[in-house]
Amino acid sequence: MKAMIFDLDGTLVDSVYAHVLAWQLAFAEAGLPIEGWRLHRRMGMSGGLFKRAVMRELGRTISMPRLQALDKRHGELFDQFLPKPRPLPGAVRLLRFLRQNNIVHGIATSNQRPHINPSLKALGVPKQTVVVERGDVARAKPEPDLFLECQERLGVEIKDCYVIGDAVWDLMAARRAGMLSIGLLSGGYGEDELIRAGAFRVFRDAADLHNYLDELGVLP
């Protein structure tokens with residue numbers, strides 16, 4: 001039986017644009033204005049890579065203490081903008097279906113606790129579900145570590161894993177892990193971009209994906 005490894009932000013919960021706005025305002029408050037679309041293109045990266053990419057976009061370096069302050073401010077603003085994350089269409093129903101039918105699955109995210117706790121609660125994710133977060137691995141996306149760690153905890157073979165994500169960074173990491181990937185449009189990337197990054201199939205959102213589980217060989 002196939003196993004499914006899900007990204008979180010933009011794949012299961014509608015939080016990508018709140019992250020973009022929180023980062024944009026945090027940088028603006030620090031006197032570092034940057035366009036939102038430039039930040040959106042970096043969503044899903046590891047935190048360190050994200051900050052390096054933003055510095056490259058700004059054409060300047062930022063000290064570590066200042067980066068830490070920006071990170072803290074982003075978290076504060078995000079919690080203000082989205083105190084109760086909203087599951088994306090079909091996400092709760094899909095996860096419930098997987099549990100009820102004993103289909104192996106887990107979540108692997110570049111985000112980390114306590115920030116992901118409201119999203120997991122909104123999705124109704126039980127404690128026994130495998131959730132791999134940024135602090136569990138040495139390197140995050142586009143490195144494959146998060147997905148490989150999730151695969152090991154699920155006790156399945158790499159060849160039996162599907163990675164489901166909304167960003168090119170998810171799909172790049174899946175390819176490097178040797179796993180098939182499925183792209184969702186719910187994070188704002190286009191279908192062509194996701195396919196070029198390695199998506200085996202692309203669906204609108206979790207609800208759309210749910211309708212085609214049989215074609216993916218996931219159903220028993």
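How many Å should the 14 residues of helix α1 span at 1.5 Å a residue, and how far apart are its end C-alpha atoms? Welcome to this predicted model. The expected span of α1 (residues 16-29) is 20 Å, and its end C-alpha atoms are 20 Å apart, which agrees. Below is a short tour of two helices and some charged pairs.

**Helix α1**
- Among the buried residues of α1 are Val 16, His 19, Trp 23 and Phe 27.
- These buried residues of α1 pack against α2 (36-40), α3 (47-58) and α4 (64-81).
- Gly 31, just after α1, has a positive phi of about 80 degrees.

**Helix α7**
- In α7 (residues 145-154), the buried residues include Asp 145, Phe 147 and Leu 154.
- The cover over the buried residues of α7 includes the strands β1 (3-6), β2 (105-108), β3 (130-132) and β4 (161-165), along with helix α8 (168-177).
- Gly 155 follows α7 and has a positive phi, near 75 degrees.

**Salt bridges**
- The whole structure holds 20 salt bridges.
- One of them joins Lys 2 and Asp 160, at 3.9 Å from N to O. Lys 2 sits in the segment before β1 and Asp 160 in the loop between α7 and β4, so this pair ties together parts 158 residues apart in sequence.
- Asp 160 is buried, at 19% relative accessible area, while Lys 2 is partly exposed, at 25%.
- Asp 160 also meets Lys 159 in a salt bridge (3.6 Å, N to O); Lys 159 is exposed, with a relative accessible area of 61%.
- Glu 29, Lys 72, Arg 73 and Glu 76 are joined into one network by salt bridges that share partners.

Methods:
Residues numbered from 1 in each chain as written. Predicted model: local features only at pLDDT ≥ 70, side-chain atom pairs only at ≥ 80, totals over all residues. Heavy atoms only, no water. Buried < 20%, exposed > 50% of the residue type's maximum accessible area, 1.4 Å probe, protein only. Helix = DSSP H or I, 4+ residues; strand = E, 2+ residues; numbered from the N terminus. Contact = heavy atoms within 4.5 Å. Expected span 1.5 Å × (residues − 1). Salt bridge = Lys/Arg side-chain N within 4 Å of Asp/Glu carboxyl O.
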